[in-house]
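Trainee: I am new to this structure and would like a close look at one part of it. Could you walk me through how a pair of its helices meets, and then show me what lies around that pair?

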Amino acid sequence: MTTPVCTSASNAATRTLPYAPYPSFASYVKARQPVLLRTARSLTANPCDAEDLLQTALTKTYVAWERIEDHRALDGYVRRALLNTRTSQWRKRKVDEFACDELPEPQGAPVGDPAEQQALHDAMWRAIMKLPARQRAMVVLRYYEDLSEVQTAEVLGVSVGTVKSAVSRALGKLREDPELEPVRQ
């Protein structure tokens, strides 16, 4: 019989975990991951960094799962964790990129011209920023955060009819914005 080299590791392997997995957490992540990933992507420039950011925020949420009293407010909790994590990363960042003689191989052909896509993205945000604050909030919650009309109304404390009419007016203003003319063609 051989004795284990690391007794603490072998003891840890036989012990049970101090916490039980949360099936409700797994179902929440499965249902809300696409929306939360879009939020993370809006905070970072790199899709891989966005995935890492979301994983970190979800880890923090998992650790605090039992302490979260209102599970209806989970999206807000995770968004705050995303923002706080990203802010911490930004504060601690190190510049570890170095110039090199050769460029790495591209991973694939881009779908469209990235400069045009960025210009369109910027034009859209400028047009959204022209909207009144209330309409802007409703458009962002409905189309960027992918909330339903009912959820948007709950977040803002207004009726569903108010959300519908304000979003309709906002979309009308966006359709008339001259900067977004290339999109309409």
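Mentor: Let's start with α3 and α4: in this predicted model, α3 passes α4 in a right-handed crossing. Helix α3 covers residues 47-63 and helix α4 covers residues 74-92. They pack at an angle of about 120°, and their axes are 9 Å apart. Angles from 65 to 115 degrees count as roughly perpendicular, and those over 145 as roughly antiparallel. The angle of this pair is about 120°, and α3 and α4 are therefore oblique to each other.

Now look at the residues that make this contact. On the α3 side you will find L53, L54, T56, A57, L58, K60 and T61. They meet Y77, V78, A81, L82, T85, R86 and Q89 of α4. Sorted by class, the residues of this contact are 8 nonpolar, 4 polar and 2 charged.

One residue worth pausing at is T56, which is found in helix α3. Is T56 buried or partly exposed? With a relative accessibility of 30%, T56 counts as partly exposed. Its C-alpha atom is separated by 9.7 Å from that of R86, although these positions lie 30 residues apart along the chain count.

Another residue to pick out is L54. Leaving out residues up to four places away in sequence, L54 touches Q33, L36, L37, A40 and L82. L54 also belongs to the largest nonpolar core, which has 18 residues. Within that core, the residues with the most contacts are Y28, L54, L58, V78 and L82. Three helices, α2 (23-43), α3 and α4, each supply at least two residues of the core. The one that gives the most is α2, with 6 residues. Apart from this core lies another, of 8 residues, among them I128, L131, A170 and L174.

Since α2 has come up, let's follow it for a moment. T39 lies in helix α2. At 8% relative accessibility, T39 counts as buried, because buried means under 20%. Setting aside neighbours within four places in sequence, T39 is in contact with R79, L82 and E145. You have already met L82 in the contact of α3 with α4.

P34 is found in helix α2 as well. At 45% relative accessibility, P34 counts as partly exposed. What is its distance to D146, C-alpha to C-alpha? P34 and D146 are 9.5 Å apart in space, while 112 residues apart in sequence.

D146 leads us to another stretch of the chain. D146 sits in the loop between α6 and α7 (149-156). Its phi is near 60°, a positive value in a residue other than glycine. With 41% relative accessibility, D146 counts as partly exposed.

The helices on either side of that loop each pack with α8, so you can read them as a pair of contacts to set beside the one we began with.

Take α6 and α8 to begin with. Helix α6 (residues 133-144) and helix α8 (residues 160-176) have axes that come within 9 Å and cross at roughly 95°. These two are therefore roughly perpendicular to each other. From α6, the contact uses R134, Q135, M138, V139, R142 and Y143. From α8, it uses T162, V163, A166, V167, R169, A170, L171 and K173. By class, the residues of this contact are 8 nonpolar, 2 polar and 4 charged.

Then turn to α7 and α8. They pack at an angle of about 105°, with axes 8 Å apart. This pair is therefore roughly perpendicular too. E149, V150, T152 and A153 of α7 make the contact with V160, V163 and K164 of α8. The residues of this contact comprise 4 nonpolar, 1 polar and 2 charged.

To place these parts in the whole, note that the protein chain has 9 helices and 0 strands. Of its 185 residues, 25% count as buried. Among contacts with a separation of 6 or more, 54% join residues 24 or more positions apart.

Technical notes. Residues numbered from 1 in each chain as written. Predicted model: local features only at pLDDT ≥ 70, side-chain atom pairs only at ≥ 80, totals over all residues. Heavy atoms only, no water. Axes fitted to C-alpha atoms, helices over the stretch in contact; angles between N-to-C directions. Helix = DSSP H or I, 4+ residues; strand = E, 2+ residues; numbered from the N terminus. Parallel < 35°, antiparallel > 145°, perpendicular 65-115°, else oblique. Left-handed = near helix turned anticlockwise from the far one by under 90°. Contact = heavy atoms within 4.5 Å. Nonpolar A, V, L, I, M, F, W, Y, C, P; charged D, E, K, R; others polar. Core = buried A, V, L, I, M, F, W, Y, C linked by side-chain atoms within 4.5 Å. Buried < 20%, exposed > 50% of the residue type's maximum accessible area, 1.4 Å probe, protein only.
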